[in-house]
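Reader: I am new to this structure and should be grateful for a guided introduction. May we proceed by question and answer?

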Amino acid sequence: MTATTADVWLPFPAEEIDGLPDGPNYLFWNGGPDFPADPADCAYYVVPYMQGPEVGQRPLASMTSVQVVQTLSAGIDHVEPGLPLLPAGVRLCNAKGVHEASTAELTLALILASLRGIPGFVHGQDKEEWRSGFYPALADKSVLIVGYGSIGSAIEDRLAPFECARVARVARSARTTARGPVHTLDDLPALLPEADVVILSTPLNPSTQGLVGADFLAAMPDGALLVNVARGGVVDTKALLAELESGRLRAALDVTDPEPLPQGHPLWHARNVLITPHVGGSTSAFEPRAKRLLAAQLTRFAAGEPVRNVVTTTG
């Protein structure tokens, strides 16, 4: 089987994607109960978007000829547990370049809504109450971005006009950028006490699972805002609930643990929390960027060139 004659599984009909190369056999599968063909013949598998890990991993054990697994999300944690089912040498690619705009946009929306009291105004409107007063501004705040990859950088782009006092950055590895230094996770104890707003945009992996626990939260100053647009598992929900219920911290969460957040969970009605249902990437900006990514990746694949955004290769 060559790349130009191989089966390619897509979550969009091929005719809806401009720029796909001729040659591969494009098959549509977006997580339905029936596979479009024998998974053993699939060479390039695009994981259905926002269909859950069970759906995305379902065909992997039978994909004996697959060469590339492509997610349409920035994170890969929903696919990673299935990688041992694949043959050696399979490249797992993420969707870098697809979600930066939408996720950064929501991050700013969550910060501004939380600081300026928008949820309270909505409740006030429902009750016909005029809730005037003074509210915190983003201007003059110190912001800490934990997870300074392409999404973290896009968030800082959008913070630029808001006259923040300082933006500090944390990633897995220390480096210097045009905007300033990027610190490591080891520097968090020194950075957290100065952060009025802490933004989580880090991948979920063993080093970040439960990263935001009781000690992390205790190091944040009184009245600080925690914004999570990463993964719910980065935060210890029990520890966060304790801080919210005390009224010491505020939170704006696009992701939770557990997720979806079940009815009756105490996080729904905790003090000072704004929750959105994991919609950081699912906007009108997603589809055109996802289709451009697939056209570019499959053009490289069909030409025998290295694909981009390779996160890991199975061993």
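Author: Let us begin with helix α8. In this predicted model, helix α8 covers residues 286-302 and holds both Glu287 and Lys291. These two residues are four apart, about one turn of the helix.

Reader: How far apart are the closest N and O atoms of Glu287 and Lys291?

Author: The two residues lie about one turn of helix α8 from each other. Their side chains form a salt bridge, for which a nitrogen must lie within 4 Å of a carboxyl oxygen. For Glu287 and Lys291, the closest N and O atoms are separated by 2.8 Å.

Reader: Is Lys291 buried or exposed?

Author: A residue counts as buried under 20% relative accessible area. Its partner Glu287 has 37% and is partly exposed. Lys291 has a relative accessibility of 14%, so Lys291 counts as buried.

Reader: Which residue forms a salt bridge with Glu305?

Author: Glu305 is partly exposed, at 40% relative accessibility. The closest N and O atoms of this salt bridge are 4.0 Å apart. The partner of Glu305 is Arg300.

Reader: Which residues are joined into one network by salt bridges that share partners?

Author: A search of the whole structure finds 10 salt bridges. Salt bridges with shared partners link four residues into one network. These are Glu156, Asp157, Arg169 and Arg179.

Reader: How many residues apart in sequence are the parts that Arg248 and Asp222 tie together?

Author: The side chains of Arg248 and Asp222 meet in a salt bridge of 2.9 Å, N to O. Arg248 belongs to the loop between α7 and β12, and Asp222 to the loop between α6 and β11, so the pair ties together parts whose separation in sequence is 26 residues.

Reader: In what order do the six strands of the open sheet stand?

Author: The pairing in this sheet is parallel. The edge strands, each pairing on one side only, are β7 (166-170) and β13 (273-275). From one strand to the next, the twist averages 15°. The order is β7-β6-β10-β11-β12-β13.

Reader: Which residue in β13 stands opposite Ala252?

Author: Strand β12, residues 250-253, pairs with β13 in the parallel sense over three bridges. Opposite Ala252 in β13 stands Leu274.

Reader: What angle does the direction of helix α7 make with that of β12?

Author: Helix α7, residues 237-246, packs on the sheet and touches β11, β12 and β13. Another helix, α4, lies across β6, β7 and β10 and runs at about 160° to β6. For α7 and β12, the angle is about 130°.

Note on methods. Residues are numbered from 1 along each chain as its sequence is written. This is a predicted model: local features need pLDDT of at least 70, side-chain atom pairs count only at pLDDT 80 or more; totals for chains, interfaces and linings use all residues. Side-chain values use heavy atoms; hydrogens and water are left out. Two strands pair if DSSP finds at least two bridges between them. Axes are lines fitted to C-alpha atoms, for helices over the stretch in contact, and angles run from 0 to 180 degrees between N-to-C directions. Contact means heavy atoms within 4.5 Å. Buried means under 20% relative accessible area, exposed over 50%, partly exposed in between (1.4 Å probe, protein chains only).
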